[in-house]
Structure formats: C-alpha cells, structure tokens
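Here is a short briefing to read alongside the structure. Take a look at the model first, then follow the notes below topic by topic.

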Amino acid sequence: MTQFSITSALFRRHTVSRMAVALTFVVALVTAPLFAQGVSSKTTADESSGSAPELIQPDELVKIVQSPKGARPLIFQVGFRVLYQQAHVPHSEYIGPASEPEGIQRLRQRVQGLPRTQSIVIYCGCCPWSKCPNINPAYKELRALGFRNIKVLYIADNFGKDWVDKGYLVEKSE
Amino acid sequence: MKTRVLAAVAILAVVAFIATRHWNGRTEPLRGDNAVTHPLAPDFSLTGLSGQTLQLSRYRSKVVLLNFWATWCSPCRSEIPRFVDLQRKYDRDGLQIIGISLDDDPKLVRAFYQQLTMNYPVAIGDAKLAERYGGILGLPVSFLIGRNGRIYAKHAGESDRTGCQVTTRNDPTLK
C-alpha cells in the first residue's frame, strides 16, 4: 500500500522515481493536518441564529423513532433529494436543501398551521457538521416562524458514516 | 540505497494510511489484485449539461476521477477549482474528470458550471446511480478509476489542496 497524489502517480508518461514518491509522502504527511477538516465544530449551526440549537445525537433519535410510546416529533430532512431517496431516518419527511429558496419555501409550507409548540427535529447529513449549508437556514427559519421546540440532529461527518454505517434503521423512497 | 528508499516509502505509506483515518475526509483504498477488490466501475450513460451523451465506458483508456457533488455543498465548491486545474494540467496525459451533480435543479448546475468555467463533463445523477456506486450518503465523494475501468480508490470528503491526495496501491493500471 502506498500513498500517491494524482499529480505524481497516475501517469506512466511522467516517470516518477521512488525518491520523488517518498518526498510526496513526506509533503503529504506534513501538510495534511493543515488541510484536514479537523474536529467538527458544534457551534456552526447556530452562529447567527441568536440562540443555540438544542442538539440531539443519532443514538438518541434512534431510540425515539423506534419507541412505540409517546408522541414522535416531526422529523424533517433538509438535505438533498438523492440522499433522502437512498436512505433517511424512519418517519422523516423530505424538505430539501434549506440553503436554497425552494427548500425554505417547502419548509414554510410544511409547518404552516402547525402549533408553535410542535416538536420538530431537523437533520441533513450532506457534509461534515461545520460545512453543512442547510441546517442553519432551516433552524433560523423555524425560529423566525415562532417554533421553539426544535432539535437538530448532530451528524458529525455525513449521514452515511454517522447513521447508516452504524446500522441504524433507515427507510428508502422512490 | 534502493532498499532504504523502499523501506522509507513503506513506513511512510503505513503512517500516511493511519493518518488518513483521522481526517474527516476519508480515502478508502480498494486493496488486492483481482476483479473482486478492484471492481469494474458501474457504467452509465447520462445526458451531460451541454446535451452530449456522457458514457463512462467511453473513457476506458483514461484515468477517470469520478466526482459526485452538488452546487450548495461547500466542500464540493472548494475542490472543483482544483479539479479544473488538474484537468487542464493533465488532460494530455489521459486524465478525465467527470462530475455527477446530485442537485435537484439542473439550472443551478448549469449556472455554476459556467461561473467556474468547468472544463470537464458534468451530468445530473440520481439515486439509482448513487446506489450502484455503493451509496452516496454524503458529499463530495470521488472515485479513482484506472485505465482498465476498475475502481482503485474512493475518497469521501473534500480532497486536499496538494492535488487530490488518494491512497492507492502502486498498480501499473493506474499509470
């Protein structure tokens, strides 16, 4: 097993000496931490919303969706359609990317007429937590509409790694 | 001297492999020498943004970087300019980058394509294609496909700035 960069290793027409490969490794090792995305920040979803969102961890939400007792919260997926079609949290509803006006519009329509005490969980899982473009707009919109019982599913990396790979139940849709 | 260099390479490779496990961006090398461990990349035929047919198997003699992305995905947006540079730089050497957007709205993709002057083909993908590639359950995800059409690496997350770092074997089919 060796580690290469495309620029140095993929093409036979560029003769690459083993020493050059070794140097590539060194450069990669030295610079990688600088470019790594690092440990996810748990503050990103909140930075401009005026109040810290209450987070819910995947294992907590699993218990809720599996529990036959109690009123289940509404669960909204504010990520992309292809992700939702492949796998989503059981009982969750597709809203769409809240970073786009259409997503916000669908969110508004969905919660129209609901009591402001309605318990809502939003999640995305498209990207690492600190890079997610959808959670914050969705959370802010729900807050602006007067909802206060909102929880945000904390997905550190993505839905695949933090939910599907852990063996949690999923549903698919067409 | 040769032995020392090889030993250094081996050690660094192991360290690098371990290091990648601690990054958010994950590279999953596909190890081994046979068809099972280097599966053929699922072929597809899609209509590209400019109306042309985009069929993966037509690129069989090239090294293909197949990138799943979306316009609203910030790590995707960060790495695409680097892909544009790579395509320009290594086009004559046989690199072909192919973008599969998972956006809902093709209009946004077209606008983005023009804005970034993307120089490689892009098509809109769907859940069926994503599932044929093992599920695209986060973005971006890239696959490195050798000239023989087989998948040699999968990278989940944004590629690094030094040139799409991938962990793979020193396999001649990739050269």
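From the N terminus on, chain B runs α-β-β-β-β-α-β-α-β-α-β-β-β, which comprises 4 helices and 9 strands. Chain A has 7 helices and 6 strands, and its order along the sequence is β-α-α-β-α-β-α-β-α-β-α-β-α. Please keep in mind that this is a predicted model.

**The two chains in numbers**

- Chain B has 175 residues, and 58% of them count as buried.
- In chain A, with 174 residues, the buried share is 52%.
- The surface that chain B exposes comes to about 7600 Å², with 54% of it supplied by carbon and sulfur atoms.
- For chain A the accessible surface is about 8100 Å², and carbon and sulfur atoms account for 53% of it.
- Among contacts in chain B between residues at least 6 apart in sequence, 67% join residues at least 24 apart.
- In chain A, residues 24 or more positions apart make up 67% of the contacts with a separation of 6 or more.

**Helix 3 of chain A**

- Helix 3 of chain A spans residues 58-66, and its buried residues are Pro58(A), Leu61(A), Val62(A) and Val65(A).
- Viewed down the helix axis, these buried residues fall within an arc of 105°, so they line one face of helix 3 of chain A.
- The cover over them includes strand 2 (54-56), strand 3 (74-77), strand 5 (120-123), strand 6 and helix 7 of chain A.

**Helices 5 and 6 of chain A**

- Helix 5 (residues 101-111) and helix 6 (residues 135-144) of chain A pack at an angle of about 35°, and their axes are 10 Å apart.
- Their crossing is right-handed.
- Helix 5 of chain A makes this contact through Ile104(A), Leu107(A), Arg108(A) and Val111(A), while helix 6 of chain A contributes Pro137(A), Ala138(A), Glu141(A) and Leu142(A).
- Buried in helix 6 of chain A are Ile135(A), Asn136(A), Ala138(A), Tyr139(A), Glu141(A) and Leu142(A).
- Helix 5, strand 5 and strand 6 of chain A are among the elements covering those residues.
- Gly146(A), just after helix 6 of chain A, takes a positive phi of about 105°.

**Asn158(A), a residue that touches both chains**

- You will find Asn158(A) in the loop between strand 6 (150-153) and helix 7 (159-164) of chain A.
- Is Asn158(A) buried or exposed? Its relative accessibility is 10%, so Asn158(A) counts as buried, the cut-off being under 20%.
- The side chain of Asn158(A) reaches the backbone nitrogen of Gly160(A) at 2.9 Å.
- A polar atom of that same side chain of Asn158(A) also lies 2.8 Å from the backbone nitrogen of Lys161(A).
- Not counting residues up to four places away in sequence, Asn158(A) touches Gly125(A), Cys126(A), Cys127(A) and Trp163(A) in chain A, along with Leu137(B) and Gly138(B) in chain B.

**Ala123(B), inside chain B**

- Ala123(B) sits in strand 6 (residues 122-124) of chain B.
- With 0% relative accessibility, Ala123(B) counts as buried.
- Leaving aside neighbours within four places in sequence, Ala123(B) is in contact with Leu46(B), Thr47(B), Gly48(B), Leu54(B), Gly99(B), Ile100(B) and Ser101(B).
- Ala123(B) and Trp69(B) are 54 residues apart in sequence, and their C-alpha atoms are 10 Å apart in space.

**Backbone details worth a look**

- As background, most residues other than glycine have a negative phi, and most peptide bonds are trans.
- His91(A) has a positive phi, near 75°, and is found in the loop between helix 4 (81-86) and strand 4 (93-94) of chain A.
- The relative accessible area of His91(A) is 38%, so this residue is partly exposed.
- Thr117(B) also has a positive phi, near 45°, and lies in the loop between helix 3 (106-115) and strand 6 of chain B.
- With a relative accessible area of 57%, Thr117(B) is exposed.
- Which peptide bond is cis, with omega near -10°? That is the bond from Leu139(B) to Pro140(B).
- Pro140(B) belongs to the loop between helix 4 (127-132) and strand 7 (141-145) of chain B.

Notes: Residues numbered from 1 in each chain as written. Chains lettered and ligands numbered in written order. Predicted model: local features only at pLDDT ≥ 70, side-chain atom pairs only at ≥ 80, totals over all residues. Heavy atoms only, no water. Helix = DSSP H or I, 4+ residues; strand = E, 2+ residues; numbered from the N terminus. Buried < 20%, exposed > 50% of the residue type's maximum accessible area, 1.4 Å probe, protein only. Polar contact = N/O pair within 3.5 Å; in protein donor to acceptor, adjacent residues only side chain to side chain. Contact = heavy atoms within 4.5 Å. Arc of directions from axis to C-beta. Areas by Shrake-Rupley, 256 points an atom, 1.4 Å probe, with all protein chains shown as cover. Axes fitted to C-alpha atoms, helices over the stretch in contact; angles between N-to-C directions. Left-handed = near helix turned anticlockwise from the far one by under 90°.
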